[in-house]
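These are my notebook entries on one helix pair, the surface facing the nucleic acid, and two backbone details.

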Amino acid sequence: MTSNPFGEFRVECYNAVKNAIVNLGFESSQVNIKFEIPPPSIDAHLAFPTFTFSRSFNISPKKIYDEILKFHFKLVDNVKLTAGYINFCVNIKRLADILFNSISKLDEQYGFIPAEKPMRIVVEHTSANPIHPLHIGAARNAVIGDTLARLLRARGHKVSTHFYIDDVGLQVSVAAYGFSKIKSFKLSMKPDHFIGLIYAITNCLLEIWKIKRDLDNAESDEMRIKLLSKLSEWVSIANELRERNEKLFDLLNEGVNSDPDPIRAVAELDLKYELGDESVKSLIREMCSMCIEGFKETLKKINVYHDSWDWESDIVWSSLVKKVLKGLRETSFVYEEAVPIFDANSAANKLGLKEKLGLNVNYEIPKLILQRSDGRSLYTTRDIAYTLWQFRNADKVIHVIGVEQSLAQLQLKVALAALGYTDLAENFIHYSYELVSLPGFKMSSRRGKYVDLDRILDEAVERAKMEVLKRNRNMDGELVDKISRMVGVGAVRYALISVSPNKKMVFTWDRILDFNRNSGPFIQYAHARACNILAKVEGAFSDYDSSMLEDELELDLVLIVSRFPEIVTEAADTLRIELITDYLYDVALKFNSFYDSVHVLKSKPIQLRNARLQLVNAVRIVLSNGLSLLGIDAPNRM
RNA sequence: GGGCCCGUAGCUCAGCAUGGAUAGAGCGCUGGCCUUCGGAGCCAGAGAACGUGGGUUCGAAUCCCACCGGGCCCGCCA
């Protein structure tokens with residue numbers, strides 16, 4: 001029994017070509033034996049382009065072809081030479097036998113071929129600041145990261161997903177400052193939304209306070225005019241925020257303005273937290289924990305889970321950051337001005353990293369400041385320490401982080417090598433993605449302007465529910481809700497990963513809530529249809545005859561379904577999750593065509609009907625397994 | 001000033017890593033398909049100077065160079 005049906009065919013073609021090359025008097029290592037999937041217009045299933053081989057060794061394609069024909073084939077039906085391609089046709093009926101046998105035994109495991117060398121892999125993702133709800137940008141991060149983790153697990157790797165809680169820094173201190181003013185205030189609201197509102201209001205009040213202070217000290221009219229325009233902008237934001245909750249706003253306003261210098265108070269909080277002051281620690285941890293509870297609730301709705309929640313402050317308070325600093329200072333790549341500076345460029349040059357990383361050798365990597373002049377730590381230095389910590393139980397570490405951090409992540413990588421961990425540097429991956437923007441305006445959590453994921457999910461599920469009800473008038477309410485959640489979440493997750501990560505994305509409801517073709521629900525629908533057919537069958541359908549499959553649509557399906565394992569393998573090994581969405585869409589499309597033109601249950605004789613049922617079952621398994629890789633549930637009905 | 005990313009049909013995107021056969025989809029648009037397993041569907045059609053100009057190659061959307069347009073980043077934010 002094979003776990004890779006199409007692979008059997010591929011191996012046979014490979015051996016045939018290799019054999020031919022050897023028989024022609026060459027070493028097989030002299031030729032790059034690479035196959036292509038021919039376009040649909042060509043009646044073949046794998047093609048070997050002879051151009052390179054034939055040109056560099058001056059052997060005609062015909063000669064290669066004749067040699068290949070001598071091979072004793074089992075799965076290959078015929079071989080043709082067309083326009084310089086050697087085209088192999090598989091015997092689909094035999095392939096179908098192999099497929100049905102394999103898939104019925106492997107079932108939920110079909111498609112997931114364990115890697116030869118399983119690795120321990122850390123995937124860090126989401127990692128949003130714990131001071132506001134997860135917004136659509138964080139959702140893209142979360143879904144990409146979670147899907148990567150699922151894919152890698154499917155390949156047998158031991159994956160651990162991490163959330164890096166960014167609780168150090170001024171933004172958190174601003175939120176905590178506000179939080180300290182209203183601790184007695186109770187609000188029946190999801191905790192991350194509550195903190196997000198506190199943060200936005202507090203930040204706004206502080207901005208206004210700062211502008212007013214600057215106005216008092218302004219030296220020119222020009223400056224005053226500039227400040228006044230800024231002031232009016234923030235005042236209008238203040239009005240909007242006050243409308244969201246007057247009582248909270250007024251309370252915070254009172255708190256901030258009773259302070260002689262709220263800006264200084266925030267800075268003090270910030271400093272004290274980094275030094276580990278107990279009362280500040282409990283304040284900030286309490287606030288962040290509330291926010292994180294909200295995150296977990298949201299992430300659970302969208303099938304995203306983290307194995308480890310790592311506090312950035314823990315890294316600061318431990319000796320790890322100091323160790324990194326000390327270690328880097330001991331290299332020849334750090335020099336001191338007012339602050340220690342890491343010369344990433346000369347490190348990369350000295351260690352020959354640029355070639356390895358595919359960077360232009362003339363590109364000068366900017367220097368990295370490792371520590372503030374007052375002795376406090378900086379983000380990237382902390383991240384170096386954190387990454388080393390992630391590596392203590394991992395062979396590979398993947399950071400899913402926005403593209404705007406590319407430079408910092410590169411400096412981090414170079415720093416790992418500079419510290420002597422060249423192997424870790426090579427196994428460190430910044431998986432970057434482009435940001436999601438809103439049409440018309442920029443998202444800004446500082447201004448309280450963002451589309452939060454909870455709202456998106458609510459909307460998606462609500463809309464899915466309308467669709468489900470339309471089709472299932474008598475369905476039990478609880479079941480309706482359950483299916484609506486699956487479908488709504490499926491639409492959102494699919495939308496977020498069906499576009500390459502390096503493409504910018506403009507958020508629109510239409511795009512995220514797409515239920516038509518090339519959407520999550522479309523795949524789910526094909527799956528439900530397959531289930532629906534199978535549910536109507538009584539007893540087993542093991543008495544089948546694959547050789548009776550004749551319709552082109554069903555032969556196409558056999559082919560594509562048999563390719564699932566190699567698609568998953570490639571997607572996992574190259575970290576390209578889009579391959580899975582593309583593939584599943586193709587399967588669903590082909591299945592729908594088949595469904596429309598071939599009536600499975602009425603097929604006669606019974607051996608043909610059963611062969612078709614085998615095929616439907618195979619499609620069902622592939623769609624279900626594929627969707628599970630994407631973190632999308634596959635309902636039987638919808 | 002330097003580095004990176006994006007530019008493919010009216011709109012949104014695949015394809016580019018590893019060059020190969022007639023550049024694929026979705027939305028929208030036109031016209032068909034419910035006596036058949038569920039129409040979130042199926043079939044057919046119109047719609048593309050692959051940003052521009054060079055180059056490499058038997059062959060370029062794909063590789064190289066220059067340019068144009070948009071975005072991100074570049075010493076004490078995260």
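Entry 1, the helix pair. I looked up the contact (heavy atoms within 4.5 Å) between α22 and α25 in this predicted model. From α22, the residues F522, I523, A526, R529, A530 and I533 meet L584, Y585, A588, L589, F591, N592 and Y595 of α25. By class, the residues of this contact are eleven nonpolar, one polar and one charged. For these classes, Ala, Val, Leu, Ile, Met, Phe, Trp, Tyr, Cys and Pro count as nonpolar, Asp, Glu, Lys and Arg as charged, and the others, Gly among them, as polar. Helices (H or I, at least four residues) and strands (E, at least two) are DSSP runs, numbered from the N terminus.

I then took the geometry. The axes of α22 (residues 520-535) and α25 (residues 578-597) come within 9 Å and cross at roughly 45°. Axes here are lines fitted to C-alpha atoms, for helices over the stretch in contact, with angles from 0 to 180 degrees between N-to-C directions. The two helices are therefore oblique to each other; angles under 35 degrees count as roughly parallel, over 145 as roughly antiparallel, 65 to 115 as roughly perpendicular and the rest as oblique. The crossing of α22 past α25 is left-handed, that is, the near helix is turned anticlockwise from the far one by less than a right angle.

Entry 2, conventions. I note that residues are numbered from 1 along each chain as its sequence is written, and that chains are lettered from A and ligands numbered from 1 in the order in which they are written. Local features need pLDDT of at least 70 and side-chain atom pairs 80 or more, while totals for chains, interfaces and linings use all residues; side-chain values use heavy atoms, without hydrogens and water.

Entry 3, RNA strand B. I found 62 residues around this strand, of which Y85, I369, R517, N532 and Y595 come nearest; a residue is near if one of its heavy atoms lies within 4 Å. Sugar and phosphate make up 62% of the RNA strand B atoms within 4 Å of the protein. The surface residues comprise 28 nonpolar, twelve polar and 22 charged. Helix α25 gives the most, with seven residues.

I also checked individual atom pairs. A side-chain N or O atom of S593 is 2.8 Å from a phosphate oxygen of RNA strand B. A polar side-chain atom of Y585 lies 3.2 Å from a sugar or linking oxygen of the strand.

Entry 4, backbone. The peptide bond from K604 to P605 is cis, with omega near 0°.

Notes
A polar contact is a pair of N or O atoms within 3.5 Å; within protein, one must be able to donate a hydrogen and the other to accept it, and residues adjacent in sequence count only if both atoms are side-chain atoms.
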